[in-house]
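Please look over the sequence and the model below. A short report on the ligand site and some strands follows.

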Amino acid sequence: MAQSATSTWKLPAALATALLAGGLLGWLVHGHVASGVALVALAEVVLLLTRIRHQAQPMMAAPASASPLQHDRFMTRSRRIASSLRDLRNAASQLPDAVVLLDQDQQVRWFNHAAENLLGLRRPMDRGVLLQQRLATSDLSDWLRDGTEEPLNDVAAPGHPNCQLNVSMLPFGRRQQLLLARDISHLNRLEQVRRDFVANVSHELRTPLTVIHGYLELIDPEDVPELAPVLSEMRAQSKRMGQIVEDLLALSRLETQHQIVDERVLMAPLLATVRKEAEALSQGRHEITLESTAEADLLGSPKDLHSALSNLVSNAVRYTPTGGSIAIRWQRTPDGAVYSVSDTGFGIPASHLARLTERFYRISSSRSRDSGGTGLGLSIVKHVLNLHQAQLRIESAPGVGSTFACHFGHARLLLPGGSDEG
Ligand code: ADP
């Protein structure tokens, strides 16, 4: 009794687990829970119906002893099963995403039309072949060989070199797997259009803004005392616009750059510069300390690293009330070295932390604007760190203060005397 109850629950439980996993993967890969759930459900149904068909095959030939009525019912039922199976296969075949069902030995069991188009699979000869062998010369080969737990993003489609794919592998059933591949070329193209647009607009705005700013600087407020406050506001705003344009151009450049020209970045002078900048911005309102114990230089882009490190210091000064303190540190860690800036400022509520590096994301727009912020500083920091394979970690408590830490790996460290750790 207990055993039959267990087996009754086994199938729904396995199905629920597979659907949950599908939903999670769909959300992670495509941003939609439903797409993952639908694909797993479809795969489960196709498999189930295939199994039913196999098991029903001996019964398809109606027993000789059956009465004509039993025979007719039997034939109607088997026609219904066959037609459902056909409908589901047709539906799966028409999915725009490539779907490949793999058995426990990674052999191709079934695939849809999109898999022919995007992955270059051919019917019927690719049924039963090892997928890893079949795609051995493609960009998916390392991923298939070394582990498919993490989705693979932005990879050239084996059947279509001009298409980019997001590929993921979903385990289901008894050690079977479902490979899903989505064509993201159009998204990449839109992203490129967005990038070009922002870069072009920023570039076009740069010259007129420089001219306006130049003329405003030429006007002496003493010549027009009644307009002095207006003039001062116009100067401040044109300076702010100019800074936004410069930050947008810097971001565009960082976004299109996939590699940097590595140089030795001497940390002692860089840290001294960053500290001086902080003092100039603070104008004596904060206590600023520098602690440098790492005794290592960085391998990377001097200009970009300067921009990232000074952005963090500038934020610390701007978001810490007068009388607060700011500590700049460059220290070794077991994984490499960390540059951090800690302040005793306003702090950041936990709910904002994940979004801080998005462009123009601010906790308080007025506070950012009043302090001369463009809302782009942390985006620039994130991009610069990505180019150096480094990570930004933020710890903060409202009313207590924040620490922004840039973690660099051993491969980016250069020891004094020229040797490197990588
Ligand atoms: P902004 O130019 O507005 O400072 P950033 O991208 O540098 O833009 O920072 C984004 C937002 O993160 C800021 O508007 C501010 O709300 C918050 N922030 C950044 N650094 C700090 C800090 N040290 N303390 C408190 N809030 C901070």
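Which element gives the most to the shell around the ligand? Helix H10 does, with three residues.

## About the model

This is a predicted model: local features need pLDDT of at least 70, side-chain atom pairs count only at pLDDT 80 or more, and totals for chains, interfaces and linings use all residues. Residues are numbered from 1 along each chain as its sequence is written, and side-chain values use heavy atoms, with hydrogens and water left out.

## The ligand shell

The ligand has 19 residues around it. A residue is near a molecule or strand if one of its heavy atoms lies within 4 Å of it. Arg318, Tyr319, Ser368, Gly375 and Leu378 come nearest.

By class, the shell holds nine nonpolar, seven polar and three charged residues. Ala, Val, Leu, Ile, Met, Phe, Trp, Tyr, Cys and Pro count as nonpolar; Asp, Glu, Lys and Arg count as charged; the others, Gly among them, count as polar.

## Polar contacts and burial

A polar contact is a pair of N or O atoms within 3.5 Å; within protein, one must be able to donate a hydrogen and the other to accept it, and residues adjacent in sequence count only if both atoms are side-chain atoms. The side chain of Arg318 has an N or O atom 2.8 Å from an oxygen atom of the ligand. Thr374 places a polar backbone atom 2.8 Å from a ligand oxygen atom. For Gly375, a polar backbone atom also lies 2.8 Å from an oxygen atom of the ligand.

Taken alone, the ligand exposes 530 Å², and the protein buries 98% of that. Accessible areas come from the Shrake-Rupley method with a 1.4 Å probe; for residues, only the protein chains shown count as cover. Two or more shell residues come from each of helix H10 (302-318), helix H13 (377-387) and strand E12 (401-409). Helices (H or I, at least four residues) and strands (E, at least two) are DSSP runs, numbered from the N terminus.

## Two hairpins

Strand E3 (152-157) pairs with strand E4 (160-172) in the antiparallel sense, over four bridges. Two strands pair if DSSP finds at least two bridges between them. Ala157 in E3 stands opposite His160 in E4. Two residues separate these strands in a hairpin.

E4 also pairs with strand E5 (176-183), antiparallel over eight bridges. Leu165 stands opposite Asp183 in E5. This hairpin has three residues between its strands, and Gly173 in the turn has a positive phi of about 55°.

## An open sheet

Three strands form an open antiparallel sheet, in the order E6-E8-E13. Its edge strands are E6 (263-265) and E13 (413-414), and each pairs on one side only. Two bridges join E8 (297-300) to E13. Leu298 stands opposite Leu413 in E13.
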